[in-house]
Amino acid sequence: MNIAFFDDSLKSPVESVQFQTNDNRSLSFQIKRDDLIDFSISGNKWRKLKFNFKEFESGKYKAIASFGGAFSNHIAALAFAGQRAEIKTVGFIRTHQIDLNNPTLKMAEQCGMTLVPVSRDQYRLRHRPEFLSALSQQYPDCYFVPEGGSNALAEMGVAELAQEIQTVSNISHIALPFGSGGTTRGLARALPNHQIFATAVVNDEELIEQVKSEFDNVTINQKHLCGGYGRVTPELSQFCIEFFHQTGIPIEPIYSGKLLHSVCYGNEYDTQHLDKTLVIHTGGLQGLKGLLYRNIIEYSDWQPVLQHLGFTEA
Ligand SMILES: *Cc1c(COP(=O)(O)O)cnc(C)c1O
């Protein structure tokens, strides 16, 4: 086991962005490039896994297990981190069959992750204590991290992001995507004097209401879902490509694309706010491979972004 690399990461850079919208507005804001922390253990998944891996140091466990969809950034990050840390990992994947042509699962397998298919019906039970205790009997010695990596230890990692944010001057607003809400919760708790603008990428009304009621500095915007989790409209895809073209910053349509679309085109952000807004690039660019694999995006349209990232067509 070797998890020291989690302590060696550099602070992610903050960059100034200028973007010209279709309707000729010139926007400028700052973006924190958590996507650059590490290419494989990307963005907020690095933050969320760090202290979960440290928990493993207690010596009570032999492997780290978690849950995710077949193209999950969390599963990809866990698999890479496990390989680098020389810790066994197990991924319970929501799918009827493990498809090793799927680029995310192929990488996870190559990293040594044990992949276990879980039916949709079973998967729905993943947060239930009786399901988890049955699994931990089948997989004794496993340390279980919830789907998306969101738990109390994840928030400790997000608190480190918050510390870095506090060193950026003239920032009163933070914008980030909202999936399982772990990153939003961690930032809202650690930065009570900042306004947190989260763009929902998952249509989970109950969770959204829950988080809104927990914090008075959190606003969750549900207007940029584009039809639901993982849905990509041609306009959204075009926006991501245009954003890269103008800024040189690669984004993908599932998380950062919906976030930046809301920042650039949502009228929740007036110029006043934007000047004082720090946008968090939470990473997740490996997800582009899965979108290509499913023909949700076209290689020819996305070529500049994909080449920048070193992703080839096959
Ligand atoms: C997982 C993920 C998120 C969602 O973060 P939560 O803490 O689950 O809300 C956001 N962005 C990217 C790129 C992700 O991979």
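## Reading helix pairs and a ligand shell

Author: Start with two helices in this predicted model. The axes of helix 7 and helix 8 (residues 205–214) come within 11 Å and cross at roughly 5 degrees.

Reader: How is helix 7 oriented relative to helix 8, roughly parallel or roughly antiparallel?

Author: Look at the crossing angle. Angles under 35 degrees count as roughly parallel. Helix 7 is therefore roughly parallel to helix 8.

Reader: Which residues make the contact between helix 7 and helix 8?

Author: Take each helix in turn. Helix 7 brings Thr184, Arg185 and Arg189. Helix 8 brings Leu207, Gln210, Val211 and Glu214.

Reader: How does the contact of helix 7 with helix 8 divide by class?

Author: Sort the residues into nonpolar, polar and charged. This contact has two nonpolar, two polar and three charged residues.

Reader: Let me try another pair. At what angle do the axes of helix 9 and helix 10 cross?

Author: At roughly 80 degrees. The axes of helix 9 (residues 234–247) and helix 10 (residues 256–265) come within 10 Å. Angles of 65 to 115 degrees count as roughly perpendicular. So helix 9 is roughly perpendicular to helix 10.

Reader: Which residues of helix 9 meet helix 10?

Author: Leu236, Phe239, Cys240 and Phe243 do. Across from them, helix 10 offers Gly257, Lys258, Leu260, His261, Cys264 and Tyr265. By class, this contact has seven nonpolar residues, two polar and one charged.

Reader: Now the ligand. How many residues surround the ligand?

Author: Count the shell. There are 16 residues around the ligand. The closest are Lys45, Lys48, Ser180, Thr183 and Thr282.

Reader: Which elements each supply at least two residues of that shell?

Author: Trace the shell back to helices and strands. Helix 1 (43–56), strand 7 (173–178) and helix 7 (182–190) each do. Helix 1 gives the most, with three residues. You met helix 7 earlier, beside helix 8.

Reader: How do the residues of the shell divide by class?

Author: Sort them as before. Three are nonpolar, eleven are polar and two are charged.

Reader: Which polar side-chain atoms lie by an oxygen atom of the ligand?

Author: Check the distances one by one. For Lys48, a polar side-chain atom lies 2.7 Å from a ligand oxygen. For Asn73, the distance is 2.8 Å. For Asn44, it is 2.9 Å.

Reader: How much of the ligand does the protein bury?

Author: Begin with the ligand alone. It then exposes 390 Å². The protein buries 97% of that.

Note on methods
Residues numbered from 1 in each chain as written. Predicted model: local features only at pLDDT ≥ 70, side-chain atom pairs only at ≥ 80, totals over all residues. Heavy atoms only, no water. Near = heavy atom within 4 Å. Polar contact = N/O pair within 3.5 Å; in protein donor to acceptor, adjacent residues only side chain to side chain. Areas by Shrake-Rupley, 256 points an atom, 1.4 Å probe, with all protein chains shown as cover. Helix = DSSP H or I, 4+ residues; strand = E, 2+ residues; numbered from the N terminus. Nonpolar A, V, L, I, M, F, W, Y, C, P; charged D, E, K, R; others polar. Axes fitted to C-alpha atoms, helices over the stretch in contact; angles between N-to-C directions. Parallel < 35°, antiparallel > 145°, perpendicular 65-115°, else oblique. Contact = heavy atoms within 4.5 Å.
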